[in-house]
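Visitor: I would like a close look at one part of this model, the place where two chains meet. Please explain each term as you go.

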Amino acid sequence: MIISVASGKGGTGKTTVSTNLALSIEQKVQLFDCDVEEPNCHLFLNPVMGKKEPVIAPVPEIDLEKCTFCKKCMDICRFGALAVLKKEVLTFDTLCHSCGGCFEVCPEGAVLEKKRSLGDIEHGSARGISFVRGCMDVGQVMAPPIIRKVRSYTDPNLVTIIDAPPGTSCPVIAAMNKADFVLLVTEPTPFGLHDLKLAVETVKILGIPHGLVINRAGLGNDDVKRYSEKEHLPILMEIPFDKKIAQIYSNGQMVVDKLPEYKEKFQDLFEKIAQLVEKGGQNR
Amino acid sequence: MKVAVTSQGDTLDAQLDPRFGRAAYILIVDTETLEFEAFNNQENKDSFKGAGIQAATTVSDKDVEVLLTGFCGPNAFKTLEAAGVKVVNDQSGRVIDAVQKFKQGNVVFADDANKDGHW
């Protein structure tokens with residue numbers, strides 16, 4: 001079973017929920033840190049890290065000896081990554097999405113494949129959890145291939161928990177797509193609600209069963225609850241706005257280690273998710 | 001000499017469009033005769049990415065020597081430089097005024113982009 005932990009708004013508690021959930025449940029777990037722009041699960045789990053693999057994407061390089069400046073490569077590129085001028089062709093690596101279109105359409109075989117490093121993924125383990133994390137290179141902007149590479153290590157015999165990036169754009173889709181369940185972590189503030197709505201719309205389009213964790217409950221107002229009632233969005237867990245939890249987090253520690261009563265709460269969360277997945281979800 | 005001017009309309013009296021890649025029109029003006037061609041940049045204006053690069057290749061294709069505009073980003077500037085098109089930034093007012101100002105030699109050619117790229 002694949003559970004993707006997403007949020008819309010950043011800083012709502014995705015990592016707190018993912019890591020504590022992974023540590024609490026009885027099943028064998030793999031945890032994927034797919035927030036590749038700023039992976040941070042390792043700060044809390046302190047895994048022993050092992051194998052590291054690069055994530056490489058092909059980008060075009062033009063052989064000017066063969067090029068006839070016909071512009072077919074430029075015309076097929078949706079991202080403006082090629083500029084065919086009269087005597088020169090410029091390529092813009094950071095705009096390229098590595099779709100391969102330019103290699104295909106060139107009648108002269110003048111578009112050569114150059115390798116570009118996007119980032120890397122690292123394997124590790126922590127307290128019985130098998131851990132994979134993606135990390136994007138500084139200056140790069142293309143996260144989805146790194147996320148897909150992390151997810152290629154999905155073991156169908158394990159429970160897979162994905163710590164997704166914030167937002168609702170391509171990287172988030174890459175981290176939610178084909179999950180069995182999307183767990184949306186929000187906070188009861190106007191910002192939390194605003195971005196939660198966007199996240200819910202996104203999950204609905206993907207047709208994935210989903211439910212809510214309200215973190216810092218007690219803060220803000222009741223609008224998130226009213227919204228969830230209206231949308232028939234099940235609230236599966238509430239984590240109170242509690243100074244103790246904030247301190248534990250700031251020290252890089254696990255809530256379930258310091259406040260053992262939470263272990264049962266996270267197990268209970270997992271049970272609710274499993275039930276919703278079984279009955280095909282609330283909003284499918 | 002042919003110059004390109006980014007424009008909000010398709011006449012020489014129109015206001016100069018400060019944006020380069022996403023300008024409404026790009027007017028290709030002959031500085032001697034003031035004859036011009038109005039290139040409708042709509043497709044580029046609404047493009048997803050790389051508008052500046054595409055606009056720069058358009059300008060290069062029209063045998064333009066100088067571009068008069070408001071702001072030019074790094075990818076557009078790089079492309080124009082490779083195409084041998086000189087860039088004059090920070091222009092405003094009517095297109096015709098920018099052309100006249102250029103003819104009087106009252107301009108500075110840019111040696112770099114004057115706007116950050118958009119992500």
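How much area is buried between chain B and chain A, and what percentage of it do carbon and sulfur atoms give?

Guide: First, some ground rules. This is a predicted model, where local features need pLDDT of at least 70, side-chain atom pairs count only at pLDDT 80 or more, and totals for chains, interfaces and linings use all residues. Residues are numbered from 1 along each chain as its sequence is written, chains are lettered from A and ligands numbered from 1 in the order in which they are written, and side-chain values use heavy atoms, with hydrogens and water left out.

Now your question. About 1,400 Å² is buried between chain B and chain A, and carbon and sulfur atoms give 65% of that. Buried area is the accessible area (1.4 Å probe) that two parts lose on being put together, summed over both. Chain B brings 15 residues to the contact and chain A brings 17 residues. Contact means heavy atoms within 4.5 Å.

Next, the charges. There are two salt bridges between chain B and chain A. A salt bridge is a side-chain nitrogen of Lys or Arg within 4 Å of a carboxyl oxygen of Asp or Glu. One of the two joins B:Asp61 to A:Lys71. Their closest N and O atoms are 2.2 Å apart. Three residue pairs, both at pLDDT 80 or more, are in polar contact between the chains. That term means a pair of N or O atoms within 3.5 Å; within protein, one must be able to donate a hydrogen and the other to accept it, and residues adjacent in sequence count only if both atoms are side-chain atoms.

Which elements of chain B take part? Helix H2 (51–61) and helix H3 (74–83) each give two or more residues to the side that touches chain A. Helices (H or I, at least four residues) and strands (E, at least two) are DSSP runs, numbered from the N terminus. That side of chain B has five nonpolar, six polar and four charged residues. Here Ala, Val, Leu, Ile, Met, Phe, Trp, Tyr, Cys and Pro count as nonpolar, Asp, Glu, Lys and Arg as charged, and the others, Gly among them, as polar.

Follow H3 onward. B:Gly84 sits in the loop between H3 and strand S5 (86–88) of chain B. B:Gly84 counts as exposed because its relative accessibility is 53%. The cut-offs are under 20% relative accessible area for buried, over 50% for exposed, and partly exposed in between (1.4 Å probe, protein chains only). B:Gly84 and B:Ser60 are 24 residues apart in sequence, with C-alpha atoms 8.1 Å apart.

Now look across at the partner, chain A. Its secondary structure comes to 11 helices and 11 strands. Of its 284 residues, 52% count as buried. Helix H1 (residues 14–24) of chain A has 11 of its 11 residues buried, so the rest of the structure largely encloses it.

A:Thr186 is a good inside view. It belongs to strand S9 (residues 181–186) of chain A. A:Thr186 counts as buried because its relative accessibility is 0%. A polar atom of its side chain lies 3.4 Å from the backbone oxygen of A:Gly192. A:Thr186 also touches residues over four places away in sequence, including A:Thr12, A:Leu196 and A:Leu212.
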